[in-house]
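Here are my notes after going through the structure, as promised. Have it open next to you while you read.

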Amino acid sequence: MVRPIGRGSHSLVYFAVDAFGQPCAVKVFRPDMNAFAEREFQHASGLDHPRLASMLGRGTLEDRPVLISTLARGEVLFSRYVRRPALHTERRAFLLTLAHLLDALAYLHSCGLVHRDIKPENIVVEPDGSAKLVDLDLAGPLLEAFPVPTRFGTAAFQSPEAARGEPLGPEADLYGVGMLLGWGIFGSLPDPTRPAPYHPDPLCSLYLTLTRRDPRQRPSDAAWVRARILKLSSVKS
């Protein structure tokens, strides 16, 4: 292990090099999080998609559970797009980032999983805008129910139903995409509980659709959202 590169909700992630000199990511959990690490391993180990980090194995380090995955190269989304609003300063790159994020979500959802923590820190972006979705430690089955209401996600990107602790479907992940889209349009995180300011970008209408309070009024198909982004982005504002 070389150095820390990120922090999950229950873990610290290190850049590491294996015995053959290949880079990888090593996620080290607290000693009491063995069941949590095992849950993430079970969810992630069967996934195979170019926009997701691949699970390579598991183990222990000084009695701490460890997960090993391929390394996602680049910077987290907010660090990559320092000139804002991103859709004005680097439109092509930011649209590619969103398209890759939606590719990853479409695949996850087709596998019966929701990510449940869409936020900038979980999206690693390369210089050209290529991106990977990482950190599946909060992921779980679609509409998974718990004995008591259980809240998932990060407040600024959390859907209303996630904040209430309700079972989550694809609409919750796409709400997070909507918040990122709004950030790309306005240059700061919008408040979806207040009327959006006027903006001439044609993608603003999709931002409003993705951040509706009622999940039944939001899209549930990540592939449809991807296609819509690409269609609207070609319209002259």
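Which residue in β5 is the bridge partner of A25? The answer is in point 1, and keep in mind throughout that this is a predicted model.

1. Start with the pairing of β3 and β5. The bridge partner of A25 is S69, in β5. Strand β3 covers residues 23–29 and strand β5 covers residues 64–69; the two run antiparallel and are joined over four bridges.

2. Now zoom out to the sheet around that pair. Five strands make up an open sheet, ordered β1-β2-β3-β5-β4, and the pairing is antiparallel. At the edges you'll find β1 (3–7) and β4 (55–61), each of which pairs on one side only. From one strand to the next the twist averages 30°. Helix α1 lies across β3, β4 and β5, and its direction is at about 165° to β4.

3. There's a second open sheet, this one with three strands in the order β6-β8-β9, again described by antiparallel pairing. Its edges are β6 (75–76) and β9; each has a single partner strand, so one side of each has no neighbour in the sheet. Between β6 and β8 there are two bridges, in the antiparallel sense, and E75 stands opposite V125 in β8. Helix α4 packs on this sheet, where α4 touches β8 and β9 and makes an angle of about 30° with the direction of β9.

4. On to the largest nonpolar core, which has 49 residues; L105, L133 and L181 are the ones that touch the most other members. Elements that each supply at least two residues include α1 (34–44), α4 (91–110), β9 (131–133) and α6 (170–186). The largest share, ten residues, comes from α4. Where does this core sit relative to domain 1 (3–70) and domain 2 (75–234)? Both domains give residues to the core, so the core lies between them.

5. L105 deserves a click of its own. Setting aside neighbours within four places in sequence, L105 is in contact with H115, I118, L133, D173, L174, V177 and A222. One of those, L133, is also among the three core residues that touch the most other members.

6. The whole structure has 14 salt bridges. One to look at is D201 with R91, whose side chains meet at 2.7 Å, N to O. D201 is in the loop between α6 and α7 while R91 is in helix α4, so this pair ties together parts that are 110 residues apart in sequence. Are the two partners buried or exposed? D201 counts as buried because its relative accessibility is 9%, under the 20% cut-off. R91 is partly exposed, at 25%.

7. Two further pairs are worth a look. K119 forms a salt bridge with D117, with the closest N and O atoms 3.5 Å apart; K119 is buried at 16% relative accessibility, and D117 is buried at 5%. R164 and E166 meet in a salt bridge at 2.6 Å, N to O. Here R164 is partly exposed at 42%, and E166 is partly exposed at 34%.

8. Last one: K27, E40 and D135 are linked in a network of salt bridges. If you're colouring the view by residue, give those three their own colour.

Definitions and conventions:
Residues are numbered from 1 along each chain as its sequence is written. This is a predicted model: local features need pLDDT of at least 70, side-chain atom pairs count only at pLDDT 80 or more; totals for chains, interfaces and linings use all residues. Side-chain values use heavy atoms; hydrogens and water are left out. A nonpolar core is a set of buried Ala, Val, Leu, Ile, Met, Phe, Trp, Tyr and Cys residues joined through side-chain atoms within 4.5 Å. Buried means under 20% relative accessible area, exposed over 50%, partly exposed in between (1.4 Å probe, protein chains only). Domain bounds come from an automatic or database domain assignment. Contact means heavy atoms within 4.5 Å. Two strands pair if DSSP finds at least two bridges between them. Axes are lines fitted to C-alpha atoms, for helices over the stretch in contact, and angles run from 0 to 180 degrees between N-to-C directions. A salt bridge is a side-chain nitrogen of Lys or Arg within 4 Å of a carboxyl oxygen of Asp or Glu.
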